Amino acid sequence: MKKRIAFRKLGRTSSHRWAMLRNMVTSLINHERIVTTLPKAKELRRVADKIITQAKQNSLHSRRQADKIVREPAALTKLFEILGPRYEDREGGYTRILKLSKNRAGDNADMAVIEYVDRPGEVRAARPPQGRIFDALDDAIEEVGIKSIRR
């Protein structure tokens, strides 16, 4: 029985797998959208979400932790100056995986697109975070003339 198996091995040694995930998360930060196989995208989501959480903290320690993962200094700067503030009020779920309809031509592997949500020029808009929903609802209620009970 397969119990408590945490990661996909992806047919690679652990050092090769970690190097591949570091390269992929750096590419995802640079381009904000990449095409890869479905299992790789699901594994990349774990690393990408954790690194955005570090960027939101924006401390020296979190910058050094992210520097161990991100390969390029320009990507690290983009992570902390653009992506971190963009997801300041979102509590997780920074990436979206969309399964592509066509498989890869050579080996028929399932392909997917992994992208950051709330990026400029995206096709499908993300659901706003809970805090933004309640703030907009409170503003609408106050415009009508009803007193808000949350404030």
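**Notebook: a sheet and two helices**

I began inside the sheet, where I found valine 35 standing opposite valine 113 in β3. I note at the outset that this is a predicted model, and I read every entry below with that in mind.

I then looked up how the strands carrying these residues pair, and found β1 and β3, the latter spanning residues 111-116, joined in the antiparallel sense over five bridges. Taking the sheet as a whole, I recorded three strands in the order β1-β3-β2, forming an open sheet with antiparallel pairing. The edge strands are β1 (33-37) and β2 (95-99), each of which pairs on one side only. From one strand to the next I noted an average twist of 25°.

Next I turned to what packs on the sheet, and found helix α1, residues 14-31, in contact with β1, β2 and β3. The direction of α1 makes about 145° with that of β1.

I then followed α1 to its helical neighbour, α2 (residues 38-57), and noted that the two pack at an angle of about 65° with their axes 10 Å apart. Because angles of 65 to 115 degrees count as roughly perpendicular, I entered α1 as roughly perpendicular to α2. I also wrote down that the crossing of these two helices is right-handed.

Finally I listed the residues at this contact: from α1 they are Trp18, Met20, Leu21, Met24, Val25 and Leu28, which meet Lys40, Glu43, Leu44, Val47, Ala48 and Ile51 of α2. Sorting the residues of this contact by character, I recorded 10 nonpolar and two charged, with no polar ones.

Key: Residues numbered from 1 in each chain as written. Predicted model: local features only at pLDDT ≥ 70, side-chain atom pairs only at ≥ 80, totals over all residues. Heavy atoms only, no water. Pairing = 2+ DSSP bridges. Helix = DSSP H or I, 4+ residues; strand = E, 2+ residues; numbered from the N terminus. Axes fitted to C-alpha atoms, helices over the stretch in contact; angles between N-to-C directions. Contact = heavy atoms within 4.5 Å. Parallel < 35°, antiparallel > 145°, perpendicular 65-115°, else oblique. Left-handed = near helix turned anticlockwise from the far one by under 90°. Nonpolar A, V, L, I, M, F, W, Y, C, P; charged D, E, K, R; others polar.
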